[in-house]
Amino acid sequence: MEDLMSLAGRQWIGGQEDFSTNKALTKIAAIVDDRCNRCGAKVSAQLPNGKKYCRACINIGRLVEGDYLVRNQMVVNFPPLKTGGLTWQGELTAAQAQISQQLVDNFNQHHNVLVHAVTGAGKTEMLFALLAECFKLGQRACIATPRIDVVNELYPRLQAAFGQITIGMYHGRKYQEPQLDQLTICTTHQLLKFYQAFDLLVIDEVDSFPYANNAQLHFGAQNAVKGNGVRVYLTATPTADLLAQVKAGQLQILKLKRRFHGGKLPIPKEKLFLRPFLNRGKIHPKLMAEILKVIAADHPLLLFVPRIEQIPLYLAALKQEAELADVAMAGVHAGDKKRLEKVQQFRQQQLQILITTTILERGVTFNHVWVIVIAADDRIYQAASLVQIAGRVGRAKDDNNGLVLFCYHKYTASLRSAMKQIRAMNR
């Protein structure tokens, strides 16, 4: 029974022969009418024996015709806490406090909410009262986000803020045995392992890849919440489907246009280049001059490039520059085995230049960082990506401005839209 308790609200793959008859467990066929019951995807792929399996959610375990999904719907009651387990002693600004109270009110009225807040608005801190309200009632909450880096950043902050709450962290790069956490922090893929587990589900960076426009992850998020549970979506760049739900009255919308320190978003500078940014192992002199300005100003530099294969090329070119001989630098991308280590080194200013892809476009905070985007006109950079990248700069209270530079060959609709959105949020 103790093992079952740790699996409350979860679902897993089982077979007919090993299914327990415990009354807390239910089972359904994993695939019915060519449809996966874990992720909702249409199933067409076949094994050599002719049985169909779901390719859409195979990364968390293969579901085959004849398998079952075992669901633990055991009722769990956590001890109600007067303070909701909140140990955070900080203060919100007036604008943050207003959003925070509205989130609590909507939760108590069982209204789903979209929070449209500028990058650096302090969205995490605005969640504290909402989470505490959930925990006061002895209920269970989850914060999910598409990016592993965001999970890793949120976990210690929530640990510090809720010292009396059991918190679990789950993502594909760190295995942890399932346990009965009152607060779960995970990637959106991990939600496929839950079924009607949470009274409150917060999805941060809801417009981000891979969650945005992913029907399977949306299906998992729907299933992870109890029937009367509440969903809260956080973003600086709302997607069209969320705005359509707001228009239809299915979502409340709360807006915050100012950062927590009251400052505005830095307006990116734009620079047209006629020749290649990198040619025969040498960086364009004007681009190199911009990089050297950042280093001379003693700011850490996030240098964004569109493609993973470009990272070692730019890294090699930078290391050839005599003026950068003493500058610590590295490159990082989603498949980098030392990804977490390098990000932490940059955060601790052990690296001064970090060449990266869009994996660091959002959800991470680096003190005093400046940003240069190479080939900002590349198709990989949608308007939302550019807005998020610009939002890495000026997040500190004592350093609320800085350089954001978009380098391009052709001025695209995404560039134009990003600049328009940033100026609109600053009004």
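# Exercises on a predicted model

C142 is buried, with a relative accessible area of 0%. In these exercises, buried means under 20% relative accessible area, exposed means over 50%, and partly exposed lies in between (1.4 Å probe, protein chains only). The model is predicted, so local features need pLDDT of at least 70 and side-chain atom pairs count only at pLDDT 80 or more, while totals for chains, interfaces and linings use all residues. Residues are numbered from 1 along each chain as its sequence is written, and side-chain values use heavy atoms, with hydrogens and water left out.

## Exercise 1: Two cysteines

Find out how many disulfides the whole structure holds, and check C142.

**Solution.**
- Step 1: Recall that a disulfide is a covalent bond between the sulfur atoms of two cysteines. Here a pair counts when the two cysteine sulfur atoms are within 2.5 Å.
- Step 2: Searching the whole structure gives zero disulfides. C142 is in none, and its nearest cysteine sulfur, that of C186, is 3.8 Å away.
- Step 3: Look from the other side. For C186 the closest cysteine sulfur is in C142, and at 3.8 Å this is too far for a bond.
- Step 4: Add the surroundings. C186 is buried, with a relative accessible area of 0%.

## Exercise 2: A salt bridge between two loops

Describe the contact between D34 and K52, and say where each residue sits.

**Solution.**
- Step 1: Start with the idea that side chains of opposite charge can pair when their charged atoms come close. The rule used here asks for a side-chain nitrogen of Lys or Arg within 4 Å of a carboxyl oxygen of Asp or Glu.
- Step 2: By this rule the model has 13 salt bridges.
- Step 3: D34 and K52 form one of them, with 3.1 Å between their closest N and O atoms. The pair links distant parts of the chain, 18 residues apart: D34 is in the loop between β3 (31-32) and β4 (35-36), and K52 is in the loop between β4 and β5 (68-72). Helices (H or I, at least four residues) and strands (E, at least two) are DSSP runs, numbered from the N terminus.
- Step 4: Compare the labels for exposure. D34 is partly exposed at 24%, and K52 is buried at 19%.

## Exercise 3: A network around R157

Which residues are linked with R157 in a network of salt bridges?

**Solution.**
- Step 1: Take the pair with E125. R157 and E125 form a salt bridge whose closest N and O atoms are 2.8 Å apart. R157 lies in helix α5 (residues 148-161) and E125 in helix α3 (residues 123-126), so this pair ties together parts that are 32 residues apart in sequence.
- Step 2: Now take E153. The side chains of R157 and E153 meet in a salt bridge of 4.0 Å, N to O. Because R157 and E153 are four residues apart in helix α5, about one helical turn separates them.
- Step 3: Check exposure. R157 is partly exposed at 31% relative accessibility, whereas E153 is buried at 12%.
- Step 4: Put the links together. The network joins E125, E153, R157 and R347.

## Exercise 4: Backbone details

What kind of peptide bond joins F209 and P210, and what is phi near in Q349 and H368?

**Solution.**
- Step 1: The bond between F209 and P210 is cis, with omega about 5°. P210 is in the loop between β10 and α6.
- Step 2: N213 lies in that loop too, between β10 (198-203) and α6 (215-224). N213 counts as exposed, at 75% relative accessibility.
- Step 3: Q349 has a phi near 60°, a positive value in a residue other than glycine. Its place is in the loop between α10 (339-347) and β18 (353-356).
- Step 4: H368 has a phi near 65°, again positive and not in a glycine. H368 sits in the loop between β18 and β19 (370-373) and is partly exposed, at 28%.

## Exercise 5: Distances along and across

How far apart are D33 and N401 in sequence and in space?

**Solution.**
- Step 1: Place D33 in the loop between β3 and β4. At 70% relative accessibility, D33 counts as exposed.
- Step 2: Count along the chain: D33 and N401 are 368 residues apart in sequence.
- Step 3: Go across space: from C-alpha to C-alpha, D33 and N401 are 55 Å apart.
- Step 4: Try another pair. N213 and S414 are 201 residues apart along the chain, and their C-alpha atoms are separated by 18 Å.
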